[in-house]
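Please open the model in your viewer and keep the selection panel at hand. The tour below goes from one selection to the next and says what is to be found at each stop.

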Amino acid sequence: MTIVVAGHTGLVGSAIYELLNSRGESVMGINRKVLDLLDRKRVFEFLHDLKPDAVIDSAAIVGGIGANNSFPVDFLSENLQIQTNLMDGSHAAGVERFVFLGSSCIYPRECPQPMKEEHLMTGPLERTNSAYAVAKIAGIELIKSYRRQFNRRWISLMPTNIYGLRDNFHLEKAHVLPAMINKFVTAADENTEEVRLWGTGSARREFLHAKDLASATIFALEKYDDELHLNVGTGVEVSIKELAGLVCEATGYKGKIFWDTSKPDGTPRKRLDVTRINKLGWRAEVTLRDGIEDVIKWFRANREMVRQ
């Protein structure tokens, strides 16, 4: 089986690519240097020539609350183009299996907790990242449509907040955890007296290591075949204040934390119901404490190479 991993040098794609390689699979990674996924003609040509057995779509324009809120056109338009080009091109090339990776932001802002797959489109989205969420919802629907109209054995996975090695640590564009790691490592190393964080710290989130998402993706590729998207997560949540405490402890930062309450918290609470994928036989293995220590160690060793 030949498997294409789109976005193979990113946070999620690199973990999937490495796992497939370690298993001896025939895998080809593509990133912007290999193929511009916004170029529809080139995407079709690439897939037609390669004719892979499976495509895993881990390519996306992503970012934290600030980036999503500031660049909604980019997050909606470019993500729609990337995923649609890959799916349409895969269909034209006769690709048997396709895995679309979305995000837990697809669920309503005031969603019942934990969030079940059937809660999709039952209420208004969080305004700060609604453009990205709509793109991912459209991807789920396109997967369903290909299954219904052309009997494609394609699936969608909706992971919770992902973190891990090779993340984006840019302070203005990163998600909450890598941004915290950047801030607290820098503050600890430079003996800074205060670190400023967004919001009140009361919002609650769930975090999944990219290694766990990689194992879930390969598991679902081999074991799952249904139009209902699958939640992927740990089922365990922490407040942003608790998260800051874990990062402080792991970095050795001893200063103060200032919570800038003029900044948004985003969705008040996000915890996925992962009953379905657990019943199929998959569970997350990396604890949040161990995962944070793993990423901090990697960041300290590679900070000159990553975006800050």
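**Stop one: an aromatic cluster**

Begin by selecting Trp154, which counts as buried at 0% relative accessibility (buried means under 20% relative accessible area, exposed over 50% and partly exposed in between, with a 1.4 Å probe and protein chains only). This is a predicted model, in which local features need pLDDT of at least 70 and side-chain atom pairs count only at pLDDT 80 or more, while totals for chains, interfaces and linings use all residues. Residues are numbered from 1 along each chain as its sequence is written, and side-chain values use heavy atoms, with hydrogens and water left out.

Add Tyr146, which is also buried, with a relative accessible area of 9%. Then extend the selection to Phe98 and Phe150, since ring pairs link Phe98, Tyr146, Phe150 and Trp154 into a cluster; rings of Phe, Tyr and Trp (its six-membered ring) pair if their centres lie within 6.5 Å, and planes under 30 degrees apart count as stacked, over 60 as edge-to-face and the rest as tilted. The structure holds seven aromatic pairs. In one of them, the ring centres of Tyr146 and Trp154 are 4.9 Å apart and the planes stand at 50 degrees, so this pair is tilted.

**Stop two: the sheet**

Next, show the strands as ribbons and look for an open sheet of six, in the order β2-β1-β3-β4-β5-β9, with parallel pairing. Strands (E, at least two residues) and helices (H or I, at least four) are DSSP runs, numbered from the N terminus, and two strands pair if DSSP finds at least two bridges between them. β2 (26–30) and β9 (230–232) stand at the edges with a single partner strand each, so one side of each lacks a neighbour in the sheet.

Select β3 (54–57) together with β4 (97–101), which pair in the parallel sense over four bridges, and note that Asp57 stands opposite Phe100 in β4. Helix α2 (40–50) packs on the sheet, touching β1 (2–6), β2 and β3, and its direction makes about 170 degrees with that of β2. Here contact means heavy atoms within 4.5 Å, and axes are lines fitted to C-alpha atoms, for helices over the stretch in contact, with angles from 0 to 180 degrees between N-to-C directions.

**Stop three: helix α8**

Finally, select α8 (240–251), where Ile240, Leu243, Ala244, Leu246, Val247, Cys248 and Thr251 are buried. The helix is followed by Gly252, whose phi is positive, near 85 degrees.
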